[in-house]
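Student: I've got a protein model open and I'm a bit lost. Could you walk me through how to read its features?

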Amino acid sequence: MKKLYCFDFDGTLTYKDTMFMYLKFYDPTKFRLQFLKHVPLFILLKLKLAETEKVKKSFIGSILKGQTQEKIEKKSRQFFEQHYPKIVRENALDFIQNIDRDNTQSLLVTASLDIWAKPFAEAFQMQLVSTKAEFKNGVFSGNFIGKNCNGKEKLLRIQSEINDNRYDKIIAFGDTSGDKAMLAWANEGHYQFFH
């Protein structure tokens with residue numbers, strides 16, 4: 001029996017949202033300053049008056065734009081080493097470690113950037129499907145390659161990742177409205193399963 005597991009990352013497998021954690025870890029001073037500057041945008045987001053993708057790009061870019069890929073990857077590795085497995089829900093980790101890897105494909109599907117999500121995907125032995133950071137000549141441009149991997153985009157990205165692979169069962173795990181399309185598409189959609 002061939003299975004496909006699709007796991008959302010932030011909140012589903014972790015206790016906290018990793019974006020704010022990583023950016024704060026990367027540069028605490030810059031983070032505080034830019035966070036305050038972005039408060040009005042975060043409020044508009046909550047009121048659904050701003051686009052998530054634009055606000056996210058602006059906030060991440062305000063801290064990481066112009067940084068070298070080398071430095072970013074080094075910081076991501078340090079961030080991972082400092083927080084893994086502490087920020088991962090114990091029962092989620094337990095579940096992942098007990099996945100029968102024969103005839104199973106597992107995807108970590110996240111709106112988080114590949115920058116800091118990659119070491120986690122590797123530790124989970126999963127393929128990463130995420131929002132992609134754009135690097136030009138080894139420097140982060142502040143832009144994404146393609147769209148923010150959330151909502152319907154998550155599903156489109158999963159479908160392009162698996163091509164025409166046939167699965168007997170597709171099982172998805174999520175914890176927010178951004179996972180709805182993925183959960184509805186799967187044979188088994190689990191909402192806040194590990195909470």
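Tutor: Sure! One thing to keep in mind is that this is a predicted model. Let's begin with a term we'll need: a residue counts as buried when its relative accessible area is under 20%.

Student: Okay, how many residues of strand β5 are buried?

Tutor: Five of the six residues in β5, which spans residues 169–174, are buried, so the strand is largely enclosed by the rest of the structure.

Student: Which strands is β5 joined to, and how do they run?

Tutor: To read strand pairing, look for bridges between two strands; at least two are needed for a pair. Strand β1 (residues 3–8) is joined to β5 by five bridges, and the two run parallel. Strand β6 (residues 188–191) is linked to β5 by four bridges, and that pair is parallel too.

Student: Which residues can I click on to see that?

Tutor: Try Cys-6, whose bridge partner in β5 is Ala-172. Ala-172 also stands opposite Gly-189 in β6. Another one to look for is Ile-171, which has Glu-188 in β6 as its bridge partner.

Student: What do β5, helix α8 and β6 make together?

Tutor: They make a right-handed β-α-β unit, with α8 covering residues 180–185.

Student: Now a helix, please. Which residues of helix α6 are buried?

Tutor: In α6 (residues 114–124), the buried ones are Ile-115, Trp-116, Ala-117, Pro-119, Phe-120, Ala-121 and Phe-124. The next step is to ask what those residues pack against. Here the partners are the helices α1 (18–26), α3 (52–64), α4 (69–83) and α5 (90–97), along with the strands β2 (104–113) and β3 (127–136).

Student: And what follows α6?

Tutor: Gln-125 does, and its phi is positive, near 60°.

Student: Can we try a single residue? Is Phe-144 buried or exposed?

Tutor: Use the cut-off from before. Phe-144 has a relative accessible area of 7%, so it is buried. You'll find Phe-144 in strand β4, residues 139–145.

Student: What is Phe-144 in contact with, leaving aside its neighbours within four places in sequence?

Tutor: Its contacts are Glu-53, Lys-56, Lys-57, Ile-60, Leu-113, Thr-131, Lys-132 and Glu-134. You can also check a distance: between the C-alpha atoms of Phe-144 and Ser-76 there are 17 Å, and these residues are 68 apart along the chain.

Student: Last topic: pockets. How much space lies in the largest pocket?

Tutor: About 890 Å³. Of the 26 residues lining that pocket, Asp-17, Leu-45, Lys-46, Thr-52 and Asn-150 are the closest to its centre. By class, the lining has eight nonpolar, nine polar and nine charged residues.

Student: Which element gives the most to that lining?

Tutor: That's α3, with four residues. At least two residues each come from α1, α2 (28–46), α3 and β2.

Student: And the second largest pocket?

Tutor: It holds about 240 Å³ of space. Ser-76, from our distance check, is one of its lining residues, and so are Ile-115 and Pro-119. The elements α4, α6 and β3 each provide at least two residues of this lining. Sorted by class, the lining has five nonpolar, two polar and five charged residues.

Student: Thanks, now I know where to look!

How values were computed:
Residues numbered from 1 in each chain as written. Predicted model: local features only at pLDDT ≥ 70, side-chain atom pairs only at ≥ 80, totals over all residues. Heavy atoms only, no water. Buried < 20%, exposed > 50% of the residue type's maximum accessible area, 1.4 Å probe, protein only. Contact = heavy atoms within 4.5 Å. Right-handed = clockwise from strand over helix to strand, strands pointing away. 1 Å grid on protein atoms, 1.4 Å probe; cavity = no way out; pocket = protein on both sides within 12 Å on 5 of 7 lines; lining within 4 Å. Points joined across faces, edges and corners; volume = space filled by probe spheres on them. Nonpolar A, V, L, I, M, F, W, Y, C, P; charged D, E, K, R; others polar.
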